[in-house]
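Colleague: Hi! Could you walk me through this one, starting with the charged side chains?
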Amino acid sequence: MDVTFETDDGRRFEEEIWFFSPVSEIKEKLHKSHGFPVSHQTLFFNGMIMEDEHDFEYHNVIQGSVILLRLQRVLEPKPEPEPEPTNGGGRKMKVTVLVPRVATGMKRLEVEVNLADNVSELRKELLRMKERSYSLYLPPEGFFFIYKCSVMEEDKPFWWHDVKAGDIIEIFNGSVTQG
């Protein structure tokens with residue numbers, strides 16, 4: 001016999017079903033033909049749940065009946081965010097470095113740094129990047145880093161400066177002297 005299945009989102013399709021098929025076999029058939037996982041299916045007829053161990057005759061399903069197929073939605077668990085380390089812990093992150101251009105303005109560079117590394121590692125990485133790319137300009141007279149309006153101490157790690165992923169670090173021409 002042919003019966004119509006209707007999903008909770010309104011899709012309808014017909015399937016040929018044997019009158020004495022147990023509901024569990026019908027769920028297997030729906031899995032094979034439509035990809036609905038058996039464990040996610042619940043079938044309803046005349047407002048009642050169709051139990052797996054009973055057949056369609058038991059539930060009084062006849063030719064042309066409409067069976068509601070409710071699919072359990074399984075939500076993927078969201079990964080827990082990494083806890084913010086208090087002392088660095090070797091976590092890598094990307095920061096944006098504003099580098100002065102030869103003419104005017106600033107160039108934005110995304111640079112991956114290790115939270116536990118000293119700020120001097122950023123200087124080394126920028127110098128390596130300059131060797132690989134002629135378009136990167138670093139002031140020949142020297143430069144220093146500014147983060148949130150403060151000069152960064154290059155012998156201190158990024159976590160000491162409270163730098164977070166995505167933060168902006170600026171390069172300024174010149175050098176800093178102890179006063």
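Modeller: Happy to! Keep in mind that this is a predicted model. The count of salt bridges in it comes to nine.

Colleague: Okay, which residue does Asp 52 meet in a salt bridge?

Modeller: Asp 52 meets Lys 27, side chain to side chain, with 2.8 Å from N to O. Asp 52 lies in the loop between strand E4 (48–49) and strand E5 (66–71), while Lys 27 lies in helix H1 (residues 23–34), so the pair ties together parts that are 25 residues apart in sequence.

Colleague: And is Lys 27 buried or exposed?

Modeller: Lys 27 is buried, because its relative accessible area is 7% and buried means under 20%. Its partner Asp 52 has a relative accessible area of 33%, so Asp 52 is partly exposed.

Colleague: Nice. What does Arg 123 form a salt bridge with?

Modeller: Arg 123 forms a salt bridge with Glu 154, and their closest N and O atoms are 2.6 Å apart. Here Arg 123 belongs to helix H2 (residues 120–132) and Glu 154 to the loop between strand E9 (150–151) and E10, so this pair ties together parts that are 31 residues apart in sequence. Arg 123 is partly exposed at 22% relative accessible area, and Glu 154 also counts as partly exposed, at 21%.

Colleague: Which ring does Arg 123 lie over?

Modeller: That would be Phe 143: Arg 123 lies over the face of this ring, 4.1 Å from the ring centre. There is a lysine example too, with the charged end of Lys 156 sitting over the ring of Trp 160, 5.2 Å from its centre.

Colleague: Back to H2 for a second. How many residues apart are Glu 125 and Arg 128?

Modeller: They are three residues apart, both in helix H2, and that is about one turn of the helix. Their side chains meet in a salt bridge, 3.0 Å from N to O. Glu 125 counts as partly exposed at 22% relative accessibility, and Arg 128 is partly exposed with a relative accessible area of 38%.

Colleague: What are Glu 125, Arg 128 and Arg 132 linked in?

Modeller: Those residues are linked in a network of salt bridges.

Colleague: Cool. New topic: how many aromatic pairs are there?

Modeller: The count comes to six aromatic pairs. One of them is Phe 5 with Phe 13, which is stacked: the centres are 5.7 Å apart, with 20 degrees between the planes.

Colleague: Why does that pair count as stacked?

Modeller: Because planes under 30 degrees apart count as stacked, and the angle between the planes of Phe 5 and Phe 13 is 20 degrees. As for accessibility, Phe 5 counts as buried at 0%, and Phe 13 is buried with a relative accessible area of 14%. Another pair is Phe 19 with Phe 20, which is edge-to-face, at 5.1 Å centre to centre and 75 degrees between the planes. Phe 19 counts as partly exposed at 30% relative accessibility, and Phe 20 is partly exposed at 38%.

Colleague: Which residues form a cluster with Phe 5?

Modeller: Phe 13 and Phe 36 do: together with Phe 5 they form one aromatic cluster.

Colleague: Now the strands, please! In what order do the five strands of the open sheet come?

Modeller: The order is E2-E1-E5-E3-E4, and the pairing is mixed. Strand E2 (12–16) and E4 are the edge strands, each pairing on one side only. Inside that sheet, strand E1 (residues 2–7) runs antiparallel to E2, and five bridges join them. For instance, Glu 6 has Arg 12 in E2 as its bridge partner.

Colleague: And where does H1 lie?

Modeller: H1 lies across E1, E2, strand E3 (41–45) and E5, and its direction is at about 120 degrees to E3.

Colleague: Last one: which strands pair with E10?

Modeller: Strand E6 (residues 92–100) pairs with strand E10 (residues 168–173) in the parallel sense, over three bridges. In that pairing, Thr 96 stands opposite Ile 168 in E10. Strand E8 (residues 143–147) runs antiparallel to E10, and four bridges join them. One bridge you can look up is Phe 143 with Asn 173 in E10. You have already met Phe 143, as the ring that Arg 123 lies over.

Colleague: Great, thanks!

Notes
Residues are numbered from 1 along each chain as its sequence is written. This is a predicted model: local features need pLDDT of at least 70, side-chain atom pairs count only at pLDDT 80 or more; totals for chains, interfaces and linings use all residues. Side-chain values use heavy atoms; hydrogens and water are left out. Rings of Phe, Tyr and Trp (its six-membered ring) pair if their centres lie within 6.5 Å; planes under 30 degrees apart count as stacked, over 60 as edge-to-face and the rest as tilted. Buried means under 20% relative accessible area, exposed over 50%, partly exposed in between (1.4 Å probe, protein chains only). A charge sits over a ring if NZ of Lys or CZ of Arg is within 6 Å of the ring centre and within 35 degrees of the ring normal. Two strands pair if DSSP finds at least two bridges between them. Helices (H or I, at least four residues) and strands (E, at least two) are DSSP runs, numbered from the N terminus. A salt bridge is a side-chain nitrogen of Lys or Arg within 4 Å of a carboxyl oxygen of Asp or Glu. Contact means heavy atoms within 4.5 Å. Axes are lines fitted to C-alpha atoms, for helices over the stretch in contact, and angles run from 0 to 180 degrees between N-to-C directions.
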